[in-house]
Amino acid sequence: LAAAAAAHARVTRITPMADRLHTLVERVPRLPPRLRALAMRDGVHEALERCSEVRAGGTAAAADAWRLAVLAAEAGDVEQTARAGELLAALGPFAREEDDGGGGDAP
């Protein structure tokens, strides 16, 4: 089991974090509640670990970080909402939530 977990970790590290984050926020809403909670927990944890890669993903990755925070808040998961907030704080002013017109202010 440990070897399988190590192999999985190596494979997931190959995929850029910005891509993994985008896939996560696209798929999480469609998952069953229990699996959704696990996926969000692991996704937030990995995004925090690989924050520099999220930052390198540009504005699209920052938007996905905001989507992740919104999903956590909508699920009522206080811990994951706080951890997603840590991610946004780590991204700094780069992680601004913008409206469709591109003129929004950071909350």
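**Note on helix packing and salt bridges**

1. At a relative accessible area of 34%, Arg67 is classed as partly exposed (buried is under 20%, exposed over 50%, and partly exposed in between, with a 1.4 Å probe and protein chains only). The model is predicted: local features need pLDDT of at least 70 and side-chain atom pairs count only at pLDDT 80 or more, while totals for chains, interfaces and linings use all residues. Residues are numbered from 1 along each chain as its sequence is written, and side-chain values use heavy atoms, without hydrogens and water.

2. The chain has six helices and zero strands (DSSP runs numbered from the N terminus, helices being H or I of at least four residues and strands E of at least two). Read from the N terminus, the order of elements is α-α-α-α-α-α. Of the 107 residues in the chain, 31% are buried. Taking the contacts between residues at least 6 apart in sequence, 71% connect residues at least 24 apart (a contact is heavy atoms within 4.5 Å).

3. Six salt bridges are found in the whole structure (a side-chain nitrogen of Lys or Arg within 4 Å of a carboxyl oxygen of Asp or Glu). One of them pairs Glu26 with Arg67, with 2.9 Å between the closest N and O atoms. Glu26 belongs to helix 2 and Arg67 to helix 5 (residues 58-74), so this pair ties together parts 41 residues apart in sequence. Glu26 is partly exposed at 33% relative accessibility, and Arg67 is also partly exposed, at 34%.

4. Arg67 has a further salt bridge, to Asp64, at 3.4 Å from N to O. The two residues are three apart in helix 5, which means that about one helical turn separates Asp64 from Arg67. Asp64 is buried, with a relative accessibility of 5%. Elsewhere, Arg20, Glu46, Arg50 and Glu53 are joined into one network by salt bridges that share partners.

5. Within that network, Glu53 bridges to Arg50, and the closest N and O atoms lie 2.8 Å apart. Which of these two residues is buried, and which is partly exposed? Arg50 is the buried partner, at 2% relative accessibility. Glu53 is partly exposed, at 32%.

6. The axes of helix 2 and helix 5 come within 9 Å and cross at roughly 35 degrees (axes are lines fitted to C-alpha atoms, for helices over the stretch in contact, with angles from 0 to 180 degrees between N-to-C directions). The crossing is left-handed (the near helix is turned anticlockwise from the far one by less than a right angle; clockwise would be right-handed). Helix 2 contributes Ala18, Leu21, His22, Leu24, Val25 and Glu26 to the contact, and helix 5 contributes Ala61, Asp64, Ala65, Arg67, Leu68 and Leu71. By class, this contact has eight nonpolar residues, one polar and three charged (nonpolar: Ala, Val, Leu, Ile, Met, Phe, Trp, Tyr, Cys and Pro; charged: Asp, Glu, Lys and Arg; polar: the others, Gly among them). The salt-bridge partners Glu26 and Arg67 are both among the contact residues, as is Asp64.

7. Helix 2 (residues 17-27) also packs on helix 3 (residues 33-49), at an angle of about 155 degrees and with 11 Å between the axes. The two helices are therefore roughly antiparallel (angles over 145 degrees; under 35 is roughly parallel, 65 to 115 roughly perpendicular and the rest oblique). This crossing, too, is left-handed. From helix 2, Met17, Arg20 and Leu24 make the contact, and from helix 3, Ala39, Gly43, Glu46 and Ala47. The classes here are four nonpolar, one polar and two charged residues. Arg20 and Glu46 of this contact are members of the salt-bridge network described in point 4. Leu24 takes part in the contact with helix 3 and in the contact with helix 5.

8. Gln80 is placed in helix 6. Is Gln80 buried or exposed? Gln80 is buried, with a relative accessible area of 3%. Leaving out residues up to four places away in sequence, Gln80 touches Met40, Arg41, Val44 and Ala72.

9. Gly92 sits in the segment after helix 6 (78-91). With a relative accessible area of 24%, Gly92 is partly exposed. The C-alpha atom of Gly92 is 9.1 Å from that of Arg55, and the two residues are 37 residues apart along the chain.
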